[in-house]
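Q: Please take a close look at one part of this model. Pick a single sheet and walk me through its strands.

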Amino acid sequence: MRSGASGFKNLLIGGWQWNGIVTAQSGFPLTPQVGANTSGTGDTDNPDVPSWNPAFSGPLIVGKPERWFDPRAFLLPTNGTFGNVARGSVVGPGLTTFDTSLFKTVSISERWRLQFRAEAFNIFNHVNFLEPNAVVFTGANISTSAGVITGTATTSRQVQFALKLMF
């Protein structure tokens with residue numbers, strides 16, 4: 001990019017380049033699980049799902065890391081039966097990151113150039129959570145870890161500086 005300046009002014013304000021990347025994704029669908037084979041099929045590849053609790057009122061998605069969804073929205077199906085919760089019926093947390101970089105290129109000679117680089121990842125330090133624990137029941141009781149998020153999907157803000165010699 002040309003600045004229209006020459007000499008020392010061009011050395012200061014010329015040759016800068018700014019880049020940015022925005023990533024925004026909706027939450028991933030997840031399926032609440034019973035945590036045992038209550039249907040009696042013996043199929044461990046497709047975990048059993050609970051039933052919807054008709055007496056539940058309130059928001060299903062609480063949206064907090066200590067309780068992403070409210071497990072009281074589900075009931076343990078009777079042994080030998082299947083639950084009625086559809087697969088992928090709960091949406092996990094979304095993901096948003098803003099990354100940016102600033103480059104300054106200076107010509108040393110016709111053949112040699114020096115580039116200063118400043119790069120920042122997750123510049124606004126936005127927390128992106130992992131999926132919550134989908135297992136709702138431990139035995140016949142609601143699990144204390146149902147809907148709990150135990151980690152983050154991305155790192156916190158990271159900034160790095162570099163010099164690059166191009167020839």
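A: Start with one contact in this predicted model. Serine 107 has arginine 113 of S9 as its bridge partner. That link belongs to the pairing of strand S8, residues 95-107, with strand S9, residues 113-121. Eight bridges hold the pairing, and the two strands run antiparallel. How many residues does the hairpin from S8 to S9 pass through? The hairpin joins S8 to S9 through five residues.

Now stay with arginine 113. This residue also has a bridge partner in S12, namely methionine 166. So much for single residues; next come whole strands. S9 and S12 pair over nine bridges, again in the antiparallel sense.

Step back to the full sheet. Four strands make it up, and the sheet is open. Their order reads S1-S8-S9-S12. The pairing is antiparallel. Which strands sit at the edges? They are strand S1, spanning 16-25, and strand S12, spanning 158-166. Each edge strand pairs on one side only. From one strand to the next, the twist averages 15°.

Trace the picture once more on the structure. Find S8, follow the hairpin into S9, then look across to S12, the strand that S9 pairs with over nine bridges.

Methods
Residues are numbered from 1 along each chain as its sequence is written. This is a predicted model: local features need pLDDT of at least 70, side-chain atom pairs count only at pLDDT 80 or more; totals for chains, interfaces and linings use all residues. Side-chain values use heavy atoms; hydrogens and water are left out. Two strands pair if DSSP finds at least two bridges between them. Axes are lines fitted to C-alpha atoms, for helices over the stretch in contact, and angles run from 0 to 180 degrees between N-to-C directions.
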